[in-house]
Amino acid sequence: MTTLLRVDASIRVDGSVSRALADSAEAAWRSEHPDGVVVRRDLGRHPIPGDVWPAAIGAAFGFAPDESATHADAASATALAAELSQEIRDADAVLLAIPLYNYGISQHVKTWMDLLMVDRELLAGEVLRGKPVILTLARGGGYSVGAPKEGWDHATPYLERIFGEVFNMNIRKAVAELTLAPVTPGMESLIDASKVSEEEAHLEAEKHAAVVAREVTGAAA
């Protein structure tokens with residue numbers, strides 16, 4: 001039996017493009033593994049409190065707590081960090097649905113990633129080496145080569161650095177751009193382009209998930 005860890009980060013549910021892309025990827029995965037397990041972690045609807053990481057990292061590395069600050073209970077924070085680490089360790093593949101917020105990742109995604117990095121074994125880069133991770137990304141504007149805001153997407157390079165170069169996972173991406181065009185005054189001329197980008201991203205998400213699903217069972221791609 002295979003296990004897919006799906007992590008959603010959008011603060012929206014209805015209308016979320018990153019969630020919709022992940023839905024397409026999950027459907028393709030399930031078509032290959034109808035008896036498989038999908039483990040869900042919804043950071044958008046159930047964010048991890050920001051004070052958990054200081055407590056967990058303090059306990060892990062022996063930092064003395066600041067008595068003037070209020071942090072989560074160290075034991076609870078340590079247990080949550082261990083739970084998150086075990087989720088990604090146990091998964092055969094990982095699906096991350098992450099929107100671009102204010103040119104980067106949101107604090108609840110960063111907190112989740114920081115808690116993963118409390119695990120020194122994950123930081124060593126061998127535990128997750130080669131494990132597939134599919135990124136379904138949504139960007140409200142245009143950030144591709146030649147766009148006015150080329151280089152303003154600070155989320156994707158960070159995700160690639162951590163999951164690809166720190167954890168040594170095998171990254172695949174499906175990216176939809178211009179997702180705010182249908183609802184943003186002044187972007188009307190980009191609506192058609194946004195639809196094309198989103199359609200292509202859904203196809204990419206489905207393709208990546210199907211390939212990864214076959215890879216984890218050793219079947220031909």
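**View 1. Helix α7 on the sheet.** An axis is a line fitted to C-alpha atoms, for helices over the stretch in contact, and angles run from 0 to 180 degrees between N-to-C directions. With that in hand, look at helix α7 (residues 191-216) in this predicted model. Helix α7 lies across β3, β4 and β5. Its direction makes an angle of about 160 degrees with β5.

**View 2. The five-strand sheet.** In what order do the strands of the open sheet lie? Reading across, you meet β2-β1-β3-β4-β5, and the pairing is parallel. The edges of the sheet are β2 and β5, each of which pairs on one side only. From one strand to the next, the twist averages 15 degrees. Try tracing this order on the structure before you move on to the single strands.

**View 3. Strand β1 and its two partners.** Here we zoom in on strand β1, residues 3-8. On one side, β1 pairs with strand β2 (residues 37-42) in the parallel sense, over six bridges. The chain gets from β1 to β2 by way of helix α1 (residues 17-32), and this β-α-β crossover is right-handed. β1 also pairs with strand β3 (residues 93-99), again in the parallel sense, over five bridges. L4 is a handy residue to find: its bridge partner in β2 is V38, and its bridge partner in β3 is A93. Further along, V7 stands opposite L96 in β3.

**View 4. Strand β1 inside the structure.** Why can we call β1 largely enclosed by the rest of the structure? Six of its six residues are buried, so the answer comes straight from the count. Buried means under 20% relative accessible area. Both faces of β1 are covered, with T3, L5 and V7 buried on one side and L4, R6 and D8 buried on the other.

**View 5. Strand β3 and its cover.** β3 can be read in the same way as the strand in the last view. Seven of the seven residues of β3 are buried, so the rest of the structure largely encloses this strand. One side carries A93, L95, A97 and P99, while V94, L96 and I98 are on the other, and both faces are covered. β3 runs parallel to strand β4 (residues 132-138), and six bridges join the two. In this pairing, I98 stands opposite L137 in β4.

**View 6. Helix α3 across the strands, with E87.** Helix α3 lies across β1, β2 and β3, and runs at about 145 degrees to β2. E87 is found in this helix. Is E87 buried or exposed? At 17% relative accessibility, E87 counts as buried, because the cut-off for buried is under 20%. Setting aside neighbours within four places in sequence, E87 is in contact with L5, V39 and R41.

**View 7. Where helix α2 meets helix α3.** The axes of α2 (residues 52-61) and α3 (residues 74-90) come within 8 Å and cross at roughly 90 degrees. That makes α2 roughly perpendicular to α3. The α2 residues V52, A55, A56 and A59 meet A74, A77, T78, L80 and A81 in α3. By class, this contact has eight nonpolar, one polar and no charged residues. A general rule helps when you look at such a list: an α-helix has 3.6 residues a turn, so residues three or four places apart point the same way.

**View 8. The buried residues of α2, and what follows the helix.** Which residues of α2 are buried? They are V52, A55, A56, I57 and G58. What covers these buried residues includes α3 and α4. Just after α2 comes G62, which takes a positive phi of about 75 degrees.

**View 9. Two asparagines with positive phi.** N102 sits in the loop between β3 and α4 (107-116). Its phi is near 50 degrees, a positive value in a residue other than glycine. N102 counts as exposed because its relative accessibility is 76%, and exposed means over 50%. Where should you look for N168? N168 is in the loop between α6 (155-166) and β5 (170-176). Although N168 is not a glycine, its phi is positive, at about 60 degrees.

Note on methods
Residues are numbered from 1 along each chain as its sequence is written. This is a predicted model: local features need pLDDT of at least 70, side-chain atom pairs count only at pLDDT 80 or more; totals for chains, interfaces and linings use all residues. Side-chain values use heavy atoms; hydrogens and water are left out. Buried means under 20% relative accessible area, exposed over 50%, partly exposed in between (1.4 Å probe, protein chains only). Helices (H or I, at least four residues) and strands (E, at least two) are DSSP runs, numbered from the N terminus. Two strands pair if DSSP finds at least two bridges between them. A crossover is right-handed if, with the strands pointing away from the viewer, the path from the first strand over the helix to the second runs clockwise. Angles under 35 degrees count as roughly parallel, over 145 as roughly antiparallel, 65 to 115 as roughly perpendicular and the rest as oblique. Contact means heavy atoms within 4.5 Å. Ala, Val, Leu, Ile, Met, Phe, Trp, Tyr, Cys and Pro count as nonpolar, Asp, Glu, Lys and Arg as charged, and the others, Gly among them, as polar.
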